[in-house]
Amino acid sequence: MSSSETTTDQSGSNKQQQRRRHHFILVHGVCHGAWCWYRVATALSSAGHRVTALDMAACGARAGRADEVPSFERYSAPLLDAVADQDGEEKAVVVAHSFGGQSLALAMERHPEKIAVAVFVTATMPAAGKPMSFAFKQLSQGKDADFFMDCTIRTIGDPQNPDKTFLFGPEYLARRVYQLSPPEDLTLAMSMVRPSRRFLNDATMNGDVLMVGRYGAVRRVYVVAEDDEWKPAEIQRLMVSWNPGTEVRALLGADHMPMFSKGRELSELLVEIANR
């Protein structure tokens with residue numbers, strides 16, 4: 001089945017659909033936390049939906065440092081636990097942003113029966129049958145140190161098997177991540193971002209852990225941020241091409257942070273996706 005793509009006007013959804021209630025689990029990206037979903041979480045909860053916005057390990061308001069998180073599995077545990085702990089036959093709409101797409105992929109593999117739809121918002125979307133690190137390595141090609149401007153990249157861990165942490169710099173945030181977002185949200189981000197671990201040599205990231213019959217069996221939608229300066233739209237669509245059957249929706253005028261630059265439109269789109 002080929003991927004289908006739609007750019008829509010989110011203004012029209014019928015009253016019966018609007019009354020449907022869903023459980024949305026929101027997953028942040030690199031250096032961020034649950035705080036980055038405050039606009040979307042407010043819109044969804046105000047419409048009567050249940051919303052769980054998560055902090056991954058050593059992110060957001062969680063204690064600990066990035067270099068203290070021993071594995072990608074431990075990093076992703078808040079999401080894995082939230083999906084697994086749903087009651088009975090409940091299924092969640094899991095929405096992941098940026099690096100959070102890899103945690104979402106792991107949750108899809110572990111608990112496909114617990115996820116109604118997986119939504120990747122300008123997120124890293126791995127390919128079934130390949131290591132999750134494959135996507136990261138493909139996306140990193142051609143990006144030298146100058147691309148990351150004032151970001152801070154540090155080497156940590158065993159010198160024989162080192163890893164890296166990453167932290168956005170203020171200039172990079174302003175020019176390549178939040179360039180279309182409200183200035184107050186950029187100010188918030190500058191005060192809230194924390195270093196994140198890359199997990200470059202992690203066993204889960206480098207193993208063939210994503211199977212077509214589990215990860216590949218969950219309905220998935222990719223939301224393309226058309227004006228993303230960090231992860232350009234053509235790169236986002238490249239990841240879609242690795243995953244046949246992915247539905248594609250596009251948000252015009254969205255930078256790498258659609259929850260800020262197009263918060264209302266993204267919120268309405270998520271409800272529309274959940275209702276289908």
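Trainee: How many cavities of 30 Å³ or more are there in this structure?

Mentor: The count comes to one cavity of 30 Å³ or more. Keep in mind that this is a predicted model. The largest cavity holds about 30 Å³ of space.

Trainee: What makes it a cavity and not a pocket?

Mentor: The way out decides. A cavity is a set of points where a 1.4 Å probe fits but cannot get out, whereas a pocket is an open set. The residues lining the largest cavity are Thr152, Arg154, Thr165, Phe166, Leu167 and Pro195.

Trainee: Which strands supply at least two residues each of that lining?

Mentor: β6 (152-156) and β7 (163-167) do, and β7 gives the most, with three residues.

Trainee: How do you know how the lining of the largest cavity divides into nonpolar, polar and charged?

Mentor: Sort the names. Phe, Leu and Pro count as nonpolar, Arg counts as charged, and Thr falls among the others, so it is polar. That gives three nonpolar, two polar and one charged residue.

Trainee: And what is the volume of the largest pocket?

Mentor: The largest pocket has a volume of about 400 Å³. Its lining has 17 residues, and Phe136, Ser140, Phe148, Arg198 and Trp230 lie nearest the pocket centre. Helix α5 provides the largest share, three residues, and the lining as a whole divides into eight nonpolar, four polar and five charged residues.

Trainee: Let's turn to the rings. How many aromatic pairs does a search of the whole structure find?

Mentor: The search finds 16. One of them joins Phe134 and Trp242, with 5.1 Å centre to centre and 55 degrees between the planes.

Trainee: Why is the pair of Phe134 and Trp242 called tilted?

Mentor: The centres must lie within 6.5 Å, and 5.1 Å meets that; planes under 30 degrees apart would be stacked and over 60 edge-to-face, so 55 degrees counts as tilted. This pair also links distant parts of the chain: Phe134 is in helix α5 (residues 132-140), Trp242 is in the loop between α9 (233-241) and β10 (247-251), and they are 108 residues apart.

Trainee: Why does Phe134 count as partly exposed?

Mentor: Its relative accessibility is 24%. Buried needs under 20% and exposed needs over 50%, so 24% leaves Phe134 in between.

Trainee: What makes the pair of Phe147 and Phe148 edge-to-face?

Mentor: Their planes are 90 degrees apart, with the centres at 5.1 Å. Over 60 degrees counts as edge-to-face, so 90 degrees qualifies. Phe147 counts as buried because its relative accessibility is 16%, under the 20% limit. Phe148, at 14%, counts as buried too. Both belong to one aromatic cluster with Phe166, Phe168, Tyr172 and Trp230.

Trainee: How do you know that Arg176 lies over the face of Phe147?

Mentor: The distance to the ring centre is 4.3 Å. The limit is within 6 Å, together with an angle within 35 degrees of the ring normal. Lys130 lies over the face of Phe134 in a similar way, at 4.9 Å from the ring centre.

Trainee: One last question: how do you know that the radius of gyration agrees with a compact globule?

Mentor: For 276 residues, a compact globule would have a radius near 19 Å, and the chain has 17 Å, which agrees. Buried residues make up 52% of the chain, which contains 11 helices and 10 strands.

Methods
Residues are numbered from 1 along each chain as its sequence is written. This is a predicted model: local features need pLDDT of at least 70, side-chain atom pairs count only at pLDDT 80 or more; totals for chains, interfaces and linings use all residues. Side-chain values use heavy atoms; hydrogens and water are left out. On a 1 Å grid over the protein atoms alone, a cavity is a set of points where a 1.4 Å probe fits but cannot get out, and a pocket is an open set with protein on both sides within 12 Å along at least five of seven lines; lining residues have an atom within 4 Å of a point. Grid points are joined across faces, edges and corners, and a volume is the space filled by probe spheres set on the points. Helices (H or I, at least four residues) and strands (E, at least two) are DSSP runs, numbered from the N terminus. Rings of Phe, Tyr and Trp (its six-membered ring) pair if their centres lie within 6.5 Å; planes under 30 degrees apart count as stacked, over 60 as edge-to-face and the rest as tilted. Buried means under 20% relative accessible area, exposed over 50%, partly exposed in between (1.4 Å probe, protein chains only). The radius of gyration is taken over C-alpha atoms; the globule rule is 2.2 Å times the number of residues to the power 0.38.
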